[in-house]
Structure formats: C-alpha cells, structure tokens
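Here is a walk through the contacts of one protein model. Look at the fold before reading on.

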Number of protein chains: 2
Amino acid sequence: MLNFEFHNPTHIIFGKDTLKELSKQVPQDAKVLILYGGGSVKRFGTLDQVKTYLEGRQIFEFGGIEPNPQYDTLMKAVEIVKQEKINFLLAVGGGSVMDGTKFVSIASTYEGENKEELFSYGTVPAEVAPCLPIGTVVTLPATGSEMNNGGVITSRLGKLAIFSPKAFPVFSILDPELTYTLPETQVANGIVDTFIHTVEQYVTLPSEARFQDRTAEGILQTLIEIGKTTIDNPTDYDARANLVWCATMALNGLIGAGVPQDWTTHSIGHEITALYGIDHAKTLAILQPSIWNVRREQKQAKLLQYAERVWGISEGEIDTRIDQAIKRTRDFFESLGIATHLSDYGITEEGINDIVDALERHGMTQLSETGEVTLEVSRKILEGAM
Amino acid sequence: MLNFEFHNPTHIIFGKDTLKELSKQVPQDAKVLILYGGGSVKRFGTLDQVKTYLEGRQIFEFGGIEPNPQYDTLMKAVEIVKQEKINFLLAVGGGSVMDGTKFVSIASTYEGENKEELFSYGTVPAEVAPCLPIGTVVTLPATGSEMNNGGVITSRLGKLAIFSPKAFPVFSILDPELTYTLPETQVANGIVDTFIHTVEQYVTLPSEARFQDRTAEGILQTLIEIGKTTIDNPTDYDARANLVWCATMALNGLIGAGVPQDWTTHSIGHEITALYGIDHAKTLAILQPSIWNVRREQKQAKLLQYAERVWGISEGEIDTRIDQAIKRTRDFFESLGIATHLSDYGITEEGINDIVDALERHGMTQLSETGEVTLEVSRKILEGAM
C-alpha cells in the first residue's frame, strides 16, 4: 500500500425527505447565493422548496450554469457575491453546478484581479483563497463533486481542474427522489461517469491495497446490478439510492487512498468534449475499452483481477480473459444506451489529429499511472476507439 | 437503504515514516498532554520519537491508562489538564488510550463537578462539553477509535460508551511499522475486534445497501486473507497495513451508514470483560458463533449472503450453509490462536447467571437490530457459547 492522507470533512445527509435539513444546516444569518443550471430545478419545483427551507435568510439566485461550466458565466456569479456580500453558496444541481460553485467560492476570496491565474495552482492554497462555505443539494448522481474538493471549469485555457483544501462542501444533501425527473441519458451518463472514476483508481498497478480494491469492485458490481434498473424504473428508490451513494463514494478520496491512479480517460475525454461538445461521460465510455486494449500488458494483473472479481471471468488464456472483460464493459455501457465508438458520434480519422493536437497544446504528453501514455499512445487509443 | 448522516472530519495520515507529520499537525503554541498506556510506547522508543517531533511545544505526560480505561485513572488526567491549562491531547497507543483520551477531552470541558454525569448523555452535546482537540498516534489496530467520536470507559456504573460530535480526532497518524512490536495475542485481538465490528453492521437485516454490504465483505475477506500472515510475519508491511486500514474503516461510520446495526456481541461481551477480565476481542469471538446460531432465522438472508460472498458457500440446505459459515468463522478465530468457548476461559454454567444479571442491571434487555434479544435470548446465547 502506498502512503496516503485522507481527509474529507463534508457532512452527508442522505435519504428521503432530507431537503428540509437545509433549515438547520445553512446559518440563520447567512446571505445565500443559490446557484443552479439550466432551469430544471425551477421546472420541477426543487428551487421553490429550497427557498421555503431557507426562510429568514437573505437569498439571491444565479441560474444558467452550463453542463461544462464556463469561466465567463461563473465570473458573473463572483460579481454578485462581491456586490451583495454573499457569505454562503448553495449549489442546487449536478456536477457542473457544484464544480462551478466551487470555482465561485475560490475566486470570490482570491485577491488577484485575474481569476484565471487560479488555474495555475492546481490546488489553490487556503492562504491564497480562503473560500466561501458551500452547501450542495444534489439532483444528478455522477461526479462525486458533493463530497470532494475539486471541480472542472472550461475557460479560454481549456477544460481545467481546480482544487482547494477549503472547497469541500460543508454539507451535501442527497435525496435520491430529487433525481427521479432526470432524463434517461443523464442517468446513463452518471452511471458511466461513476464507473470510470472507479476504474481509474483501480485498474492500474497492483499495490496490495485490499480494502480499496474490494471497495472499488463493490461499486462496479453495484453499478452493473442496478444500472439498467434505475434507468428503466427511475422511481425504484433503492436502485436510485445505490447509484447516488456509489457516485459519491467513487470520487471522495476513499478508493483512491494508497493506490496508483490513472486519469488518462478523463484527460483525453476532456479534449473530446471541448472540441466536439460530446457529453463528458460518453467520451469516457468511448475511450475506456480502447485504453485497456492498448495498455493490456501494463495493466495485466489488475485487468485479470477486474475480469475475475467483477465479471466472474477466471478461465482461459490471459488475453482471452482481458478481451472478455473489455467486451463485457463495452456491452454494459451500450446496454445503458451509450454508444462507445468515436464514429458513432460522427468523429472521423481527421478528428483524431485535432484531439492529439489539443493534448499536446495542454501538455498532456505523459498520461497514466506510469506516465507512459505519450501522444503516440493516445493516438493509438483514439484509433482503437473509432 | 435507510436514511443516514455521515460526517467524519478526521484527517488520516497513513504509511511509513509518517510520525514526523506530528511537527506539522500539532499547533506550535500548543500545551500538549501525551497520554499512553502500560509503557510499551516508552520501551520501544515511540514516545521519545513523538517528543522529538513536538519540540518547541510545552509537553506533559500521562501514562498508565489501562486496557479497559478506568474512570478514576482518567480523572487524574483531567486534573492535569486543568492545572496545566493543557489545550491539546495526544493519544499514543491503541483503542483504550484513544477512548480514554476522548473521555479526558470531553470531561475537561464539562462544567459539572461530577463527570460521571456525562455517561447519561450517551452522545454529549457540544454545548455541554466543547471538547479539547485530540490527535492520535495508533500503535494497535483494532478499535477504529482513531477515526470515530466514541469511546468505552469503565466506571463504578459499568463499561459504558460515550460519544461526542466534537470527539473525532483532528488527525490520526497510522504508521503500520509502529505496530510491529505488538505481542501476537494483541494482533489477533485486533483482527477479531475488526471482524466483529464489521459483522455487527452487516449480518443484520437486508436493507438494499449494496455499497455498504460489499465494503463490509471486502473488510472481512481482507482480514481472512491477511490475518494469519500478519500474526506470523509481523514485519510484512503490506499485510499489516491492510489490517491497520481495515480496523479504521470497520468503525468510522462508513459501513454502518444506512443499514440496521446489531451491537449484541459488544453489549454482552462488555459484561464478560467487566466480570472476568477476559480480553474484549476474546469475548466477541466467544459470542458471535452462538449469536448467529441462536438467531439464524432472523438473520437468515444476511447469513446466507455472508456464507456465499465471504466464504464461497452457496450450495446445500439453508441450515447447512449457515452451519458451515458459523464453523468457518469459528475456525478462523481459532486459527489466530483465540479460543471461542466460555469454558476455555474457565467460566462455568454458574457464571452465565452473573452475566445475565449484569445485563439486567444495565438495562440490556432488548438488544440487537430488532430488540428481540431479551435476557432469555442472551441466556440461550451464553449457554450455546459454553
């Protein structure tokens, strides 16, 4: 097991009818900015309920955060925070809204004029930006943003991750019933996003981290068991509750503690989304099978473990088992209604050049747990994903 | 899945050579009381190292905390805290030292003259006792106390649990190498304690909490895999690291979130320890097989799941599978050198009356996840454990 630190102070409130906990969790004297996305929280009444439970506080609203939250949009929220002396941010939505809110939290307390400078830190120290407190109400299970301290923001500089030790939400309310109204495709995206977060911290190099491995396998098995069910029967409470909790657990530091990590899938995926506007999760579903196929030797031990423990594949030649595990994974994504080839999205061989160029521009030339995914390997992965 | 809250702010620092992190984690201007147990931390040099890393702080020491920490002993530490205006407590030891330190933290900030009053709260509210900050250096993997907010203290009133929302350690340093010098029996105890913590949150009633179930199973499988190894080869780093991390994960709220819990084993076990001085973990190893045998109907679904997923027992009559699972569990404990019958410890049929009387005296008349473990059922369990 590798050395690690684990520290996650977010207070999770999980279950039916938990939205009312807002009235206890948000300070009585708070000046609250509620941040949300495209308006579905308005349409389905969640926003109204939220406001009811915040009665007595001064409330401001900021809607319109995009699926890939944009720097320019978020800067408008930063303006409101400064103008109105907001001291509490409440994100109501999915990963994009939560990620965007984290950026607003960090940027509002950063002295510098140009907030884009923050991206150069990666992890922004508390003394550079002490952050405003954040609460979240999760309406889309996928990114785990409700229980971690990072976000991904799109600016002129690209799709960039930003972290802060102070950006953990103070609390997150996860009521699975608030996610019942999601469109099928977004639920499918959430399942795939959670699946890939998990394998990026698990299908790497063996590191004798047995608890972490088994916990990762538990998430994957759960997603496989309940994935189709929660798409087909969105109001099946238990299926949805399991998805919501797995999404949180997949990216809160737990399964990544003491193990090597390989974020190749996300790194290449971000470029595809930035260039072609394809949903984040769909880019991951496209890339993962090809990444495993190309890197089957480096990942052999963990791919065989994955094949056996997650899919029950334990017989046959090594390459056959790996092939089967890759196929089962692809089939699983497809069963959720997610196409897994670049060509399914109209991307041609030509497009691969653009993606590789973008990777080069952003310095993504040594990806993976070993740094072996050079531009050449990325190209091979993309070619294999056609 | 049941509704739940999960909030665990302890900062874990895990791995080789992490003791030096003390110099960063304990405030420079702290007045520190170091609490420890019977002196092995002195003998093996850990205490000296700790003091080196605390250089610059005012340091006081309090040794002699017993394996079952005594109220009267701890009150002496409370006196020192008051006299010397201590503002940081550092527990260096195992569960007893950490539990005791939590009591000192709570009691030192409680206004009332009689600190035994605190036991009546169960969970002591922050306004009743704001607590002193605690750090821990773990030298014995077992109780999970390093990442939770509870402790068990022995006073004239019995062996009683005490909790506080403020009693989570601020940080815990877990260096598996610091546990290499432990006697075999203590390592075996730690494995069994961790195992039982896990099953008390897992072998209950089905609640569709798939992540929690699988994570619990992962802990159990890991303990079975590495238990014997880490006793026989105490300096096998990876085996010991897996034990240390599993011990923490088994009782930090994670696997108990959203599921029914059954603390029968601990409740009866505490009485046996109080009456006969038998090691805590050994009382658990004695009771668990008999509890499952007596309550096989109520726990049938989860016992079968346990049999299949943890021990690979999936064929045969229901009762046969449960019998086999119980036998495998008992064999596992015995393989670690832990006897699993009351009679092995010299307790006679007579003694059972005393244990049942003690349970009655302490109001333990409706134990388990369903409250069905009456004194009569407890007696049956004890008789089955002869």
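**Strand to strand, chain to chain**

In this predicted model, A:F6 has B:I12 as its bridge partner in β1(B). That pair belongs to a longer register. β1(A) and β1(B) run antiparallel and are joined by seven bridges.

Now widen the view to the two chains. Chain B puts 40 residues in contact with 40 residues of chain A. Between them the chains bury about 3500 Å², and carbon and sulfur atoms account for 55% of it. On the chain B side, B:M1, B:F211 and B:R214 lose the most area to chain A, together 19% of what that side buries.

Polar links are also present. Chain B and chain A share four salt bridges. One involves B:R214, whose side chain meets that of A:E225 at 2.7 Å, N to O. A further count gives 22 residue pairs in polar contact between the chains. In chain B, β1 (4-14), α7 (210-232) and α8 (237-249) each give two or more residues to this side. The side divides into 18 nonpolar, 14 polar and eight charged residues.

Next, look inside chain A. Its assignment gives domain 1 (11-178) and domain 2 (184-384). Their contact takes 20 residues from each domain. The domain centres, taken over C-alpha atoms, are 27 Å apart. About 1700 Å² is buried between the domains, 69% of it from carbon and sulfur atoms. In domain 1, A:P141, A:K159 and A:P176 lose the most area to domain 2, together 32% of what that side buries.

Across this domain interface the rule finds zero salt bridges. Five residue pairs are in polar contact there. On the domain 1 side, β1 (4-14) and β7 (158-163) of chain A give two or more residues each.

Notes
Residues numbered from 1 in each chain as written. Chains lettered and ligands numbered in written order. Predicted model: local features only at pLDDT ≥ 70, side-chain atom pairs only at ≥ 80, totals over all residues. Heavy atoms only, no water. Domains from an automatic or database assignment. Contact = heavy atoms within 4.5 Å. Buried area = accessible area lost by both parts, 1.4 Å probe. Polar contact = N/O pair within 3.5 Å; in protein donor to acceptor, adjacent residues only side chain to side chain. Helix = DSSP H or I, 4+ residues; strand = E, 2+ residues; numbered from the N terminus. Nonpolar A, V, L, I, M, F, W, Y, C, P; charged D, E, K, R; others polar. Pairing = 2+ DSSP bridges.
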